[in-house]
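Thanks for coming. I have one structure to go through today, and I will take it region by region. Please have the sequence and the model open.

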Amino acid sequence: MLRLPSFTYRQPRTLAEALAMKADAGPEATYVAGGTDLYPNMKRRQQEPRTVISLMGVPELRRTGGGERGAVPLGSCLTLTEIEASPYVRERYPVVATAAALVSTPLLRNMGTLGGNLCLDTRCNYYDQTYEWRKAIDFCMKKDGHICWVAPSSPRCWAVTSSDLAPVMVALGADYLLAGPAGERVVPATRFYNNDGINYLTKQPDEVLAEVRLPPPGDWDAVYLKLRRRGSFDFPVLGVAAWVRWEGTRAADARIVLGGVASHPQEMPEAAGALRGKALSAEVIAAAAEAAYRPAKPMDNTDFDLSWRKQMTRVYVTRALAELARRRSTTT
Ligand SMILES: Cc1cc2nc3c(=O)[nH]c(=O)nc-3n(C[C@H](O)[C@H](O)[C@H](O)COP(=O)(O)OP(=O)(O)OC[C@H]3O[C@@H](n4cnc5c(N)ncnc54)[C@H](O)[C@@H]3O)c2cc1C
Ligand code: SF4
């Protein structure tokens, strides 16, 4: 049985208190929300904080609805079950409810939060292993070692983003509200992620992701599809989030974002460009799917054969766009 190391556990009651506790404890402290990612990582000694600051007792992080200039906030400590079950989210942002419902199992969704999902550690077959397993291969550069076993001559880590909600937030054009010792700042979701398996977030370690601001509902629609081995359980090895702003039956604007193929949610601008100004005919969808397939470069560090995963990019982008076109045709 894997055991947690000993650590100090702190329970702030306000956001200001959480930030002060982090400042007191320094770089050896980290935040936790549901703990469904952090605690297994601590058991495997992938993360070794001496102090863990729980955000779950902070009411400011659990707000839903309302918001400035039409943006709709979702508090970062809402659980995935709460998001999936919220009539407000289901009605206005069904793609968010769908992506939340696709994360792992009901037990994990009861504990796991929106913020934890959006800050999820990157994953790799050589990293998501016990300490002894990793030690047997002399570790790797993401933790305790020097080499990348996936690309041994590479100076960087290629661990993959495996969050179901992150590609959706990038596709929707959501903003994130970050709270830190210097105050608050808002960053677009796309700028929150780095294409680097180690430094995969641009936020500072002492900043809390306080809320996600969704764009107001309008003449847009979005779909999220997920590829994984076991439909009831597994992390995505490919996630496709497709967003379209409609003008009549034409796509005035579009975004296609892939999860599970890079260290960050990867935008596919050429694929989106192939849709702009056009009705989503079978030919247009095929051209966009091809444009998403070409630059997708999954690495050999997660489940399934990588060439098959690359081919599935074309299939899943086609399916996502066909679903958007089908829905539009039934509402116009
Ligand atoms: C068996 C298993 C299957 C899983 N399957 C999936 C899956 O299919 N899809 C998927 O997306 N995820 C999956 N997960 C990962 C995880 O359960 C979810 O992503 C969950 O939403 C993480 O949320 P949490 O609140 O538990 O995160 P935590 O473990 O609490 O935190 C995760 C990270 O985010 C940081 N953090 C958390 N909240 C904040 C905040 N508000 N501000 C700043 N930093 C913060 C923590 O410091 C930590 O580094 C799986 C996990 C397991 C164990
Ligand atoms: S991609 Fe390389 S450095 Fe990163 S976790 Fe995997 S083996 Fe380690």
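When I say that two residues touch or are in contact, I mean that they have heavy atoms within 4.5 Å. One caution before I use that: this is a predicted model.

I will start with Ala 97, which lies in helix H5, residues 94-101. Not counting residues up to four places away in sequence, Ala 97 touches Ile 83, Glu 84, Val 89 and Arg 90. Is Ala 97 buried or exposed? Its relative accessibility is 8%, and buried means under 20%, so Ala 97 counts as buried. One distance for the same region: the C-alpha atoms of Ala 97 and Thr 81 are separated by 9.0 Å, and these two residues are 16 residues apart along the chain.

Next, another alanine. Ala 25 is in helix H1, which covers residues 15-25. Its relative accessibility is 28%, and Ala 25 counts as partly exposed. From Ala 25 to Thr 8 is 17 residues along the chain, with 9.8 Å between the C-alpha atoms.

Now the loop between helix H2 (38-43) and strand S3 (51-54), where we find Arg 45. Phi of Arg 45 is near 60°, which is a positive value in a residue other than glycine. Arg 45 has a relative accessible area of 23% and is partly exposed. Arg 50 is in the loop between H2 and S3 as well. At 52% relative accessibility, Arg 50 counts as exposed. What does Arg 50 contact, leaving aside its neighbours within four places in sequence? The residues are Phe 7, Thr 8 and Glu 28. Arg 50 and Arg 326 are 276 residues apart along the chain, and their C-alpha atoms are separated by 52 Å.

A second positive phi is found at Phe 139, again near 60° and again in a residue other than glycine. Phe 139 lies in the loop between helix H8 (131-136) and helix H9 (165-172). With a relative accessible area of 9%, Phe 139 is buried.

On to the ligand. Where does ligand 2 sit? It sits in the largest cavity. There are 13 residues around ligand 2, and those that come nearest are Cys 124, Cys 140, Cys 148, Cys 157 and Trp 158. By class, the shell around ligand 2 has eleven nonpolar residues, one polar and one charged.

Last, helix H13, residues 306-331. How far should its 26 residues span? At 1.5 Å a residue the expected value is 38 Å, and the end C-alpha atoms of H13 are 38 Å apart, which agrees. The buried residues of H13 are Arg 309, Met 312, Thr 313, Tyr 316, Val 317, Ala 320, Leu 321, Leu 324, Ala 325 and Arg 328. As background to that list, an α-helix has 3.6 residues a turn, so residues three or four places apart point the same way. And what do the buried residues of H13 pack against? They pack against three strands, S8 (220-227), S9 (238-247) and S10 (250-259), and against helix H12 (282-293).

Technical notes
Residues numbered from 1 in each chain as written. Chains lettered and ligands numbered in written order. Predicted model: local features only at pLDDT ≥ 70, side-chain atom pairs only at ≥ 80, totals over all residues. Heavy atoms only, no water. Near = heavy atom within 4 Å. 1 Å grid on protein atoms, 1.4 Å probe; cavity = no way out; pocket = protein on both sides within 12 Å on 5 of 7 lines; lining within 4 Å. Sits in = over half its atoms within 2 Å of the grid points. Nonpolar A, V, L, I, M, F, W, Y, C, P; charged D, E, K, R; others polar. Helix = DSSP H or I, 4+ residues; strand = E, 2+ residues; numbered from the N terminus. Expected span 1.5 Å × (residues − 1). Buried < 20%, exposed > 50% of the residue type's maximum accessible area, 1.4 Å probe, protein only.
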